[in-house]
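Visitor: I would like a close look at a single part of this model, with its surroundings taken in afterwards. Please keep to what can be computed from the atoms.

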Amino acid sequence: MTPDIPIPSRFHTAMAHPARVYDWLLGGKDNYPVDEAVGEKLPPEARDAARQNRQFMHRAAAWLAAQGIDQFLDIGTGIPTRPNLHQIVQQITPTAKVVYTDNDPIVLRHAEALLISHPEGVTDYIEADVRQPDSILERARAVLDFNRPIALSLIALMHFITDEQDAHGIVRGLVATLPPGSHLVLSHAASDLYPELAEQVTAEYAKGGIRLGFRTRPEVTRFFDGLDLLDPGLVTAPEWFKTAPAPAPEGSGIYTGVARIT
């Protein structure tokens with residue numbers, strides 16, 4: 001398991017944060033001028049990607065809940081935007097337990113206020129960084145039963161972790177703690193579908209102090225090594241669905257996949 005990295009917990013309203021930029025792209029109001037400044041310089045396709053990514057999360061979470069998965073560990077939650085993951089799954093399984101994790105204390109404040117569980121279920125929030133997997137897992141065990149299947153949700157998160165930070169190793173370590181029957185749900189920005197747009201987005205985020213590590217299809221596929229990648233496989237966000245109606249076809253720079261841990 002990757003060792004914990006001490007990451008200070010304090011407000012950074014003078015520096016852009018991925019969760020708040022994402023909130024701006026989704027049309028939210030829980031962001032700051034520094035986040036808006038990054039968002040405004042991004043190409044229009046960035047808003048489409050945020051929407052597609054969110055819709056993929058909704059479809060994947062609902063399908064997993066319908067398959068009987070009632071425990072979810074969502075790392076990189078972001079600022080709550082209704083409907084959030086717990087609202088999707090608890091509508092299907094009211095007793096479902098959802099643990100949210102993010103590394104921004106501003107996100108934590110919004111989560112504590114807005115992520116209210118169904119009375120029969122549980123939601124909890126951990127302020128931690130995915131680069132601190134041991135800390136996340138230790139605290140998640142207080143809510144989730146790691147002897148029963150868990151859905152690990154990494155939505156638009158790992159492209160903020162570079163190869164130097166061992167992105168694949170972090171995911172591999174998290175997956176290794178989950179019992180058979182668990183699932184990995186992952187979406188990731190592509191570097192090879194629309195290369196010029198990817199370069200533009202990466203450059204604009206970098207100006208805001210945020211490093212990105214967009215990846216090629218083979219590099220994203222590596223996150224699912226050793227797992228049973230479910231149909232329809234690794235596809236773009238609008239192409240991933242399990243039940244009708246199918247999303248409208250459209251271009252997308254986001255790879256998505258759901259895999260079962262056997």
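Guide: A residue counts as buried under 20% relative accessible area and as exposed over 50%, with partly exposed in between. Aspartate 48 has 34% relative accessibility, so this residue is classed as partly exposed. The model is a predicted one, and the same cut-off for burial is what the part chosen here, strand β8, depends on.

Strand β8 covers residues 254–260. Of its seven residues, six are buried, which means that the strand is largely enclosed by the rest of the structure.

The pairing of β8 can be taken strand by strand. Strand β5, residues 183–189, runs antiparallel to β8 and is joined to it by seven bridges. Within this pair, histidine 188 stands opposite tyrosine 255 of β8. Strand β7, made up of residues 235–236, is also antiparallel to β8, with two bridges between them. Here threonine 236 is the residue opposite tyrosine 255. Tyrosine 255 therefore faces histidine 188 as well as threonine 236 under the DSSP bridge criterion for strand pairing. Strand β6, residues 228–229, is linked to β8 by two bridges, again in antiparallel fashion. Alanine 259 of β8 is the bridge partner of leucine 229. As background, side chains in a regular strand alternate between the two faces of the sheet.

Next, the internal voids. The structure contains two cavities of 30 Å³ or more, and the volume of the largest is about 50 Å³. One of the residues lining the largest cavity is Val185, and the range 183–189 of strand β5 includes that position. The rest of the lining is Met57, Ala60, Ala61, Leu64, Phe72, Leu85, Ser153 and Ile155. Helix α3 (45–66) and strand β4 (151–155) each contribute at least two of the lining residues. The greatest contribution is from α3, with four. Sorted by class, the lining has eight nonpolar residues, one polar residue and no charged ones.

Helix α3 leads back to the starting point, for aspartate 48 lies in this helix. Its C-alpha atom is 34 Å from that of threonine 262, a residue 214 positions away along the chain. Aspartate 48 is partly exposed, whereas six of the seven residues of β8 are buried.

Note on methods. Residues are numbered from 1 along each chain as its sequence is written. This is a predicted model: local features need pLDDT of at least 70, side-chain atom pairs count only at pLDDT 80 or more; totals for chains, interfaces and linings use all residues. Side-chain values use heavy atoms; hydrogens and water are left out. Buried means under 20% relative accessible area, exposed over 50%, partly exposed in between (1.4 Å probe, protein chains only). On a 1 Å grid over the protein atoms alone, a cavity is a set of points where a 1.4 Å probe fits but cannot get out, and a pocket is an open set with protein on both sides within 12 Å along at least five of seven lines; lining residues have an atom within 4 Å of a point. Grid points are joined across faces, edges and corners, and a volume is the space filled by probe spheres set on the points. Ala, Val, Leu, Ile, Met, Phe, Trp, Tyr, Cys and Pro count as nonpolar, Asp, Glu, Lys and Arg as charged, and the others, Gly among them, as polar.
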